[in-house]
Amino acid sequence: MRERTGGCLCGAVRYVVRGEPFHVGRCHCADCRKRSGSTYTIYGQWPRDAFELEGEPASFRSDHFCPTCGSHLGLLDEAEGVELSLGTLDEAPFELVPEAELWIKRREPWLPAVEGAAQHEENRH
Ligand SMILES: [Zn+2]
Ligand SMILES: [Zn+2]
């Protein structure tokens with residue numbers, strides 16, 4: 001089974017995730033802009049039991065981040081599974097491609113759409 005490792009910028013929080021994500025998305029919503037500090041998030045969703053965490057992230061609602069360096073690891077307490085910020089994977093590029101884009105009405109006009117990804121004005125239903 002495919003195993004991927006990742007972690008924060010300083011290395012205090014590390015994780016391992018097994019198998020392929022059941023969903024990969026890119027979201028341009030106002031919250032994702034804030035949580036990433038960029039203009040979108042790219043995230044992958046895995047079942048909770050595919051994910052192993054090492055270290056102690058701080059949290060704000062279901063957002064988890066490193067208390068030392070501030071890297072946003074993802075939403076780790078979601079009912080449907082963990083939602084990892086894919087930029088925290090060690091592998092770069094990581095070869096996972098978004099199947100959907102959300103909140104494209106907030107996408108920067110200079111940013112092209114992901115080819116083949118479903119385009120949603122707002123949330124995915
Ligand atoms: Zn850190
Ligand atoms: Zn979002």
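The exercises below, each with a worked solution, concern a predicted model of a protein chain.

**Exercise 1. Overall composition and dimensions**

Determine the secondary structure of the protein chain, and establish how its radius of gyration relates to the globule rule.

Solution.
Step 1. The protein chain contains 1 helix and 11 strands. In sequence order, these elements follow the pattern β-β-β-α-β-β-β-β-β-β-β-β.
Step 2. The radius of gyration is 14 Å, and the globule rule gives 14 Å for 125 residues, so the chain is as compact as a globular protein of that length.
Step 3. The C-alpha trace spans about 35 × 30 × 30 Å along its principal axes.
Step 4. Of the 125 residues, 30% are buried.
Step 5. Consider contacts between residues at least 6 apart in sequence: 53% of these join residues at least 24 apart.

**Exercise 2. The sheet of 3 strands**

State the strand order of the open sheet of 3 strands, and explain why one side of each edge strand has no neighbour in the sheet.

Solution.
Step 1. The order is β1-β2-β5, and the pairing is antiparallel.
Step 2. The edges are formed by β1 (3-7) and β5 (51-54); each has a single partner strand, so one side of each lacks a neighbour in the sheet.
Step 3. From one strand to the next, the twist averages 15°.
Step 4. Strand β2 (residues 14-18) is joined to β5 by 4 bridges, and the two run antiparallel. Within this pairing, V16 has E52 in β5 as its bridge partner.

**Exercise 3. The sheet of 8 strands**

Give the order of the open sheet of 8 strands, identify its edges, and describe how β3 pairs with β4 and with β10.

Solution.
Step 1. The order reads β6-β7-β8-β9-β4-β3-β10-β11, and the pairing is mixed.
Step 2. The edge strands are β6 (58-60) and β11 (118-119), each of which pairs on one side only.
Step 3. At one edge, β6 pairs with strand β7 (residues 63-65) in the antiparallel sense over 3 bridges. Here F60 stands opposite D63 in β7.
Step 4. Strand β3 (residues 23-27) is mostly covered, with 4 of its 5 residues buried.
Step 5. On strand β4 (residues 41-46), β3 has an antiparallel partner joined to it by 5 bridges. The bridge partner of C27 in β4 is T41.
Step 6. With strand β10 (residues 100-102), β3 runs parallel, joined by 3 bridges. The bridge partner of G25 in β10 is A100.
Step 7. As a general point, strands of a sheet pair through backbone hydrogen bonds, either parallel or antiparallel.

**Exercise 4. The largest nonpolar core**

Identify the residues of the largest nonpolar core that touch the most other members, and find which strand supplies the largest share.

Solution.
Step 1. The core has 18 residues, of which C27, L73 and L84 touch the most other members.
Step 2. At least two core residues come from each of β2, β4 and β9 (81-85). The largest share, 3 residues, is supplied by β4.
Step 3. Not counting residues up to four places away in sequence, L73 touches C8, V13, P57, H64, F65, L84, S85 and T88.
Step 4. In general, nonpolar side chains tend to be buried together in soluble globular proteins.

**Exercise 5. Two loop residues**

Decide whether G19 and P98 are buried, partly exposed or exposed, and list their contacts beyond four places in sequence.

Solution.
Step 1. G19 lies in the loop between β2 and β3, whereas P98 is found in the loop between β9 and β10.
Step 2. A residue is buried if 20 or more other C-beta atoms lie within 10 Å of its own, and exposed if 12 or fewer do. G19 has 14 C-beta neighbours inside 10 Å and therefore counts as partly exposed. P98 has 21 other C-beta atoms within 10 Å and is therefore buried.
Step 3. Leaving aside neighbours within four places in sequence, G19 is in contact with M1, R2, W46 and A50. The C-alpha atoms of G19 and W46 are 8.1 Å apart, although 27 residues separate the two in sequence.
Step 4. On the same basis, P98 is in contact with V24, G25, R26, I42, V114 and A117. P98 and H23 are 75 residues apart in sequence and 7.9 Å apart in space, C-alpha to C-alpha.

Methods
Residues are numbered from 1 along each chain as its sequence is written. Chains are lettered from A and ligands numbered from 1 in the order in which they are written. This is a predicted model: local features need pLDDT of at least 70, side-chain atom pairs count only at pLDDT 80 or more; totals for chains, interfaces and linings use all residues. Two strands pair if DSSP finds at least two bridges between them. Axes are lines fitted to C-alpha atoms, for helices over the stretch in contact, and angles run from 0 to 180 degrees between N-to-C directions. The radius of gyration is taken over C-alpha atoms; the globule rule is 2.2 Å times the number of residues to the power 0.38. Two residues are in contact if their C-beta atoms, placed from the backbone, lie within 7 Å. A nonpolar core is a set of buried Ala, Val, Leu, Ile, Met, Phe, Trp, Tyr and Cys residues joined through C-beta atoms within 7 Å.
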